[in-house]
Amino acid sequence: MALASEMKALLLVGDGYTKTPSAGALEAMEPYLRPGSIAVPEPSPTQALIKVGLASINPSDIAFIKGQYGQPRVKGRPAGFEGVGIVVATGDDPYAKSLEGKRVAFATGVSNWGSWADYAVAEAASCIPLLDTVRDEDAAAMIVNPLTALAMFDIVRAEGERAFVMTAGASQLCKLITGLAKKEGFRPIVTVRRDEQIALLKGLGASHVLNEKAADFKAALREVMKAEQPRIFLDAVTGPLASAIFHAMPKRSRWIVYGRLDAEPTVIREPGQLIFQHKRVEGFWLAEWMRAFRDRLGPAVLEAQKRFSDGRWSTGVTAVVPLDEAMARLPAELAKPNGKVFIKP
């Protein structure tokens, strides 16, 4: 395949980290990204150059372009952490060379050549050769959410308690975890912001779905916590909602934070609970899990592909936005509930 010398991309406006944190929603594109053309990068010896077919958008992407993620921005480089495409060139590393011509799911990681572009660069080790039965929509979202779902459900399973709590219950990640939980007899307790999401999540296997905006939310929360006694709390939101949930949970509860969709301050209502009730607050970052549990990575990737292939998992799609229309359309599309938004070069 003849390679172009230049490519279109959504390029980062900011550099490094921000000093003014904001909420997890993408209110506008212009403060963080600009459309542009740059030279197609050359892969290093251990890297692959991928012709992007479809790129996903995750909350971690929004945190990153705002300068609020655990990785610094590089001004003028493309954004986007994952996608699917065809490997069109590689470095000299034997494994990298073996990927040439293959369709792969990929994570850009620390390469700083993101997927919201015609071409992306990724470490060959982070590229997943795909089964033919995996749709592009599932493949483009193969790494961040599915691997996080499997990793977090490992935590739930190891704790031994059947009930557990999740915020952002209508997110793609929580839907994947809910499906895992249903199969193994676990009881997810999830929070949402809209009544119309309740039936959907109960159909997927959630035991309790609480609308955080309902007038009786606090009373319903206390009742469910008392009845179910969950000790694992998987939290993407933080802020007042998460504080209320953690406060209502029983002794020896673990609050595992993996996102910050709410920019409001997060308060520990009763610090004494950490001392006398042995409650804990901790974080989860997929990049660290992948480094720490390399022996789990291969089986997890295969399991995710099989689940997408046989229909046990499916990626809900809100919109596929052409790269040329992304600046105008993405904020509105991302504000819609219940599905993922993709960028198509």
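A nonpolar core here is a set of buried Ala, Val, Leu, Ile, Met, Phe, Trp, Tyr and Cys residues joined through side-chain atoms within 4.5 Å. The close-ups below all come from a predicted model.

**View 1. The largest nonpolar core, with F164 picked out.** With 49 residues, this is the largest core of its kind in the model. If you want to know who has the most contacts inside it, look for M142, F164, I177, L234, F284 and W313. Helix 4, which runs over residues 144-159, supplies the largest share of this core, with eight residues. Zooming in on F164 and skipping residues up to four places away in sequence, you'll find it touching V156, I177, A181, F186, R187, P188, I189, P230, I232 and L234. Two of those partners, I177 and L234, are also on the list of residues with the most contacts inside the core.

**View 2. A separate core, and V84 in strand 4.** Apart from the core in View 1 lies another one of 34 residues, and A55, I62, F106 and C127 are among them. The residue to follow in this close-up is V84, which sits in strand 4 (residues 82-90). Is V84 buried or exposed? Its relative accessibility is 1%, so V84 counts as buried. Leaving out neighbours within four places in sequence, V84 has contacts with K51, V52, G53 and L54, with R103, V104, A105 and F106, and also with L130, D136, A139 and A140. For a handy distance check, try V84 and C127: they are 43 residues apart in sequence, and their C-alpha atoms are 9.2 Å apart in space.

**View 3. T108 and the backbone of G80.** T108 belongs to the loop that runs between strand 5 (103-107) and strand 6 (119-123). Despite its place in a loop, T108 counts as buried, because its relative accessibility is 4%. What does its side chain find there? A polar atom of the T108 side chain lies 3.0 Å from the backbone oxygen of G80. Beyond four places in sequence, the contacts of T108 are G80, F81, W113, G114, S115, A120, V121 and A122.

**View 4. R231 reaching for K251.** This arginine is in the loop between helix 7 (217-228) and strand 11 (232-235). R231 counts as buried, since its relative accessibility is 13% and the cut-off for buried is under 20%. Which atom does the side chain of R231 reach at 2.7 Å? That would be the backbone oxygen of K251. Setting aside neighbours within four places in sequence, R231 is also in contact with E161, A163, M249, P250, R252, S253 and R254, besides K251 itself.

**View 5. A salt-bridge network involving helices 4 and 11.** Side chains of opposite charge can pair when their charged atoms come close. In this close-up, D154, R157, E184, R296, E303 and R307 are linked in a network of salt bridges. Start with D154 and R296, whose side chains meet at 2.8 Å, N to O. D154 is in helix 4 and R296 is in helix 11 (residues 294-310), so this pair ties together parts that are 142 residues apart in sequence. D154 is partly exposed, with a relative accessible area of 21%. Now move along to R307 and E303, which form a salt bridge of their own at 3.3 Å, N to O. These two are four residues apart in helix 11, so about one helical turn separates them. R307 is buried, at 4% relative accessible area, while E303 is partly exposed, at 26%.

**View 6. The E100 and K97 pair.** Across the model, the salt-bridge count comes to 20. One of them joins E100 to K97, with the closest N and O atoms 3.1 Å apart. How open is each partner? E100 counts as partly exposed, at 37% relative accessibility, and K97 is partly exposed too, with a relative accessible area of 41%.

**View 7. A nonpolar patch on the surface.** Last stop, the outside: L274, I275, F276 and V281 make up a nonpolar patch with about 410 Å² of accessible area together. Which helix gives the patch its largest share? Helix 9 (residues 272-276) does, with three residues. F276 is in that helix and counts as exposed, because its relative accessibility is 65%.

Methods:
Residues numbered from 1 in each chain as written. Predicted model: local features only at pLDDT ≥ 70, side-chain atom pairs only at ≥ 80, totals over all residues. Heavy atoms only, no water. Patch = residues over 30% accessible without salt bridge, like charges linked within 9 Å, V, L, I, M, F, W, Y side chains within 5 Å. Areas by Shrake-Rupley, 256 points an atom, 1.4 Å probe, with all protein chains shown as cover. Salt bridge = Lys/Arg side-chain N within 4 Å of Asp/Glu carboxyl O. Buried < 20%, exposed > 50% of the residue type's maximum accessible area, 1.4 Å probe, protein only. Polar contact = N/O pair within 3.5 Å; in protein donor to acceptor, adjacent residues only side chain to side chain. Contact = heavy atoms within 4.5 Å.
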